[in-house]
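Welcome! Below you will find a few short exercises, each followed by a solution that goes step by step. Take a look at the sequence and the structure before you begin.

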Amino acid sequence: DYSQDASGPIRQTDSDAAIARLSAVKLGYLQDPFIKFLVQRPHLQPPRPPLINVGTYVRSEAIDRLVNGWLELSAAEGKKCQVVSMGAGSDTRFWRINTGPRKDDLAVYIEFDLMENTTKKTMAIRKSKELSEQLENVTLEHGGTTLHSTKYHLFPADLRIPPTESIAPLLTSPSLEGPILSPNLPTLLLFECVLVYIAPEASQALIQWFVDYFASSSVLGAVVYEMFGLNDPFGVVMVENLKVRGVSLPGAEPYPTFESLPRRFTRHGFTTSEALTLREIRKTLISREELQRISSLEMLDEVEELDLVLAHYAVTWGLKLPSGQNPPSKWI
Ligand code: SAM
């Protein structure tokens, strides 16, 4: 029973992320016509501070580029691709892909989260015409905690539990014809702001389970967005702020350093892995025009603090290719 343990404040981090996204959308940083259907009383939510809005924008841009780049890479190989999102929370990415130009490149999109959050999401989907009209052949299972449709599946799972007991049985539901996740299609694993809540051994077991699931001839990609460098003075303050809100991180000390991030994937036999901090992404990947547009939206007084915060978040991506295949020259 997840509600009996300390995961309440951790589940709550999803509402914070969704409200931050809604704020960034309302103020014009991002476009997302779906997020308002996944936040309660969206019109009453006050905007978040400029620093949070900019951070949400940079994170979203970076992950969008990686996911869209992935769909393009798979399409260039003439294959549809699968996306599996761990700790997906109120993410709207499936709906954004499904209404975008890469819609037909997507074979299946699978989300996992704790049961309370998947229940909330299935209810939001049922309530919203805009969300449900994107899904075909919807069935709800297990008291509304699980949703199946032709292309999109939402499952309750505690990712701290060994994958053979948590996710493996779900992907082969007897009511479905064949496994939901093909071991032979290119697949992207998304871990957006979730691994920090899971002990390193459990995170490693999860990634290794997926590595073993896929045929060695198929391409596997993975993207992690996370806080890091939490041992330095500013990082310690960030951890303290989380504790005040009741969010305690599992014994992940020493926390990852920037240099250690690519090992998230290389230790599991990925062919390549790279990381960038949000600070670097803002400086090098966001165009000058976009930066100007963003800075015209609101006054940002805390520029030094923004740099410090952005320097404690990173996006890491890895690619596992069949042996002998060279990595593409460009992904992000
Ligand atoms: N990925 C979404 C995003 O970036 O907007 C949500 C991020 S939110 C900060 C963290 C999410 O991870 C929450 O929805 C939480 O319930 C989920 N999560 C945390 N620990 C988990 C666990 N052990 N198993 C499954 N999901 C978990």
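Helix α1 (residues 7–26) gives the largest share of the shell around the ligand, five residues; helices here are DSSP runs of H or I with at least four residues, strands are runs of E with at least two, and both are numbered from the N terminus. This is a predicted model, in which local features need pLDDT of at least 70 and side-chain atom pairs count only at pLDDT 80 or more, while totals for chains, interfaces and linings use all residues. Residues are numbered from 1 along each chain as its sequence is written, and side-chain values use heavy atoms, with hydrogens and water left out.

**Exercise 1. Describe the shell around the ligand.**

Step 1. Count the neighbours: 20 residues surround the ligand, where being near takes a heavy atom within 4 Å. The closest are Arg59, Gly87, Asp113, Asp158 and Leu159.

Step 2. Sort them by type. The shell divides into nine nonpolar, four polar and seven charged residues. In this scheme Ala, Val, Leu, Ile, Met, Phe, Trp, Tyr, Cys and Pro are nonpolar, Asp, Glu, Lys and Arg are charged, and the others, Gly among them, are polar.

Step 3. Look for polar contacts (pairs of N or O atoms within 3.5 Å; within protein, one must be able to donate a hydrogen and the other to accept it, and residues adjacent in sequence count only if both atoms are side-chain atoms). An N or O atom in the side chain of arginine 59 sits 2.6 Å from a ligand oxygen. For aspartate 113, the distance from a side-chain N or O atom to a ligand oxygen is also 2.6 Å. Asparagine 117 places a polar side-chain atom 3.0 Å from an oxygen of the ligand.

Step 4. Check the cover. The protein buries 95% of the 590 Å² that the ligand exposes when taken alone; the areas come from the Shrake-Rupley method with a 1.4 Å probe, and for residues only the protein chains shown count as cover.

**Exercise 2. Follow arginine 59 to its salt-bridge partner.**

Step 1. Apply the rule: a side-chain nitrogen of Lys or Arg within 4 Å of a carboxyl oxygen of Asp or Glu. The count comes to 19 salt bridges.

Step 2. Find the partner. Arginine 59 pairs with glutamate 192, with 3.0 Å between the closest N and O atoms.

Step 3. Place both residues. Arginine 59 is in helix α2 (residues 50–76) and glutamate 192 in strand β6 (residues 187–192), so their bridge ties together parts 133 residues apart in sequence.

Step 4. Both arginine 59 and glutamate 192 are buried (under 20% relative accessible area; exposed is over 50%, and partly exposed lies in between, with a 1.4 Å probe and protein chains only).

**Exercise 3. Examine a salt bridge inside one helix.**

Step 1. Glutamate 240 and lysine 243 meet through their side chains at 3.6 Å, N to O.

Step 2. The two are three residues apart in helix α8 (residues 233–244), so about one helical turn separates glutamate 240 from lysine 243.

Step 3. Glutamate 240 is partly exposed at 40% relative accessibility, and lysine 243 is partly exposed at 49%.

**Exercise 4. Explore the surroundings of methionine 86.**

Step 1. Methionine 86 belongs to strand β1 (residues 81–86).

Step 2. Its relative accessible area is 1%, so methionine 86 counts as buried.

Step 3. List contacts (heavy atoms within 4.5 Å). Leaving out residues up to four places away in sequence, methionine 86 touches several residues, including Phe112, Leu159, Glu192 and Phe210.
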